[in-house]
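Visitor: I would like to learn how to read side-chain features in a model like this one. Could we start with a charged residue?

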Amino acid sequence: MIGNITPDLPEKLVGYLRPGAPGLLLTCGADGYASSAFTWIVALDAARLRFAVDEGGSAMANLLRSGQASLQVIGPGDLTFLVKGRARRLSERIAAAGPYAIMLYEMQVAGAKDQSWPGVATTALAYEWPAGQREAMLAMEQAVYAEMRNFQP
């Protein structure tokens, strides 16, 4: 461990991400500027994360170009991490995402930076679905997490 950076995911982060959680996918564009996109993330173990990428977006183009990505995770309490690593596409489509064109990527973790502030609690990043779509979207989200965890390359 170097300061607040570890080469693998700390157990509390793995535990939070194992069932699945929303996060931010950060990539660098060809112009050198950062780009962010909302994503779903699951932890397979302390060295591998899987995440969702919208087809045709800037994140996809950036990943195809460099393979480098960071994932910002903001969980309840003091759980705030920035994870970086190399990413590769596992599947062209997450079937459980239904009509949405979403691909499955896997990151080999290079480092996890604890960004928590002593004495400060964060509110977990969460999606609030419209009332009329809430149940269907929550069910789809859980199916996406299950597919991401269970996918066999």
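Guide: Gladly. Asp78 has a relative accessible area of 41%, so it counts as partly exposed. Keep in mind that this is a predicted model.

Visitor: Which residue forms a salt bridge with Asp78?

Guide: The general idea is that side chains of opposite charge can pair when their charged atoms come close. Here Asp78 pairs with Lys12, and their closest N and O atoms are 3.9 Å apart. Asp78 sits in the loop between β5 and β6 and Lys12 in helix α1, so the bridge links parts of the chain 66 residues apart. Lys12 is partly exposed too, at 42% relative accessibility.

Visitor: How many salt bridges does the whole structure hold?

Guide: A search finds 5. One of them joins the side chains of Glu106 and Arg50, at 2.7 Å from N to O. Glu106 belongs to strand β7 and Arg50 to strand β4, so this pair ties together parts 56 residues apart in sequence.

Visitor: Are Glu106 and Arg50 buried or exposed?

Guide: Glu106 is buried, with a relative accessible area of 7%, and Arg50 is buried at 3%. Glu106 also forms a salt bridge with Arg88, where the closest N and O atoms are 3.9 Å apart. Arg88, in strand β6, is 18 residues from Glu106 in sequence, and with a relative accessible area of 46% it is partly exposed. Arg50, Arg88 and Glu106 are thus linked in a network of salt bridges.

Visitor: What about Glu141: how far away is the nearest side chain of opposite charge?

Guide: That side chain is Arg134, 7.9 Å away, and Glu141 is buried without a salt bridge. The cut-off for a bridge is 4 Å between nitrogen and oxygen. Glu141 lies in helix α3, which spans residues 134–150. Leaving aside neighbours within four places in sequence, its contacts are Trp40, Tyr127 and Trp129.

Visitor: Those contacts are aromatic residues, so let me ask about rings. How are the rings of Trp40 and Tyr145 arranged?

Guide: A pair of aromatic rings is described by the distance of the centres and the angle of the planes. The structure holds 5 aromatic pairs. For Trp40 and Tyr145, the centres are 6.4 Å apart and the planes stand at 80 degrees, so the pair is edge-to-face. The two residues are 105 places apart, Trp40 in strand β3 and Tyr145 in helix α3, and both are buried. By contrast, Tyr127 and Trp129 make a tilted pair, because their planes meet at 50 degrees, with centres 5.6 Å apart. Phe38, Trp40, Tyr127, Trp129 and Tyr145 form one aromatic cluster.

Visitor: Which residues touch the most other members of the largest nonpolar core?

Guide: Leu49, Phe51, Val53 and Val83 do, in a core of 26 residues. Strand β7 gives the most to this core, with 5 residues. Apart from it lies another core, of 14 residues, including Leu90, Ile94, Met140 and Tyr145.

Visitor: Finally, how much confidence does the predictor have in this chain?

Guide: Where pLDDT is low, the predicted coordinates should not be read in detail. In this chain the average is 94, and 98% of the residues score at least 70. Among the elements, strand β1 has the lowest mean, 90, and strand β4 the highest, 98.

Terms used. Residues are numbered from 1 along each chain as its sequence is written. Side-chain values use heavy atoms; hydrogens and water are left out. pLDDT is the predictor's confidence in each residue, from 0 to 100. Helices (H or I, at least four residues) and strands (E, at least two) are DSSP runs, numbered from the N terminus. Buried means under 20% relative accessible area, exposed over 50%, partly exposed in between (1.4 Å probe, protein chains only). Lys and Arg count as positive and Asp and Glu as negative; His and the chain ends are not counted. Contact means heavy atoms within 4.5 Å. A nonpolar core is a set of buried Ala, Val, Leu, Ile, Met, Phe, Trp, Tyr and Cys residues joined through side-chain atoms within 4.5 Å. Rings of Phe, Tyr and Trp (its six-membered ring) pair if their centres lie within 6.5 Å; planes under 30 degrees apart count as stacked, over 60 as edge-to-face and the rest as tilted.
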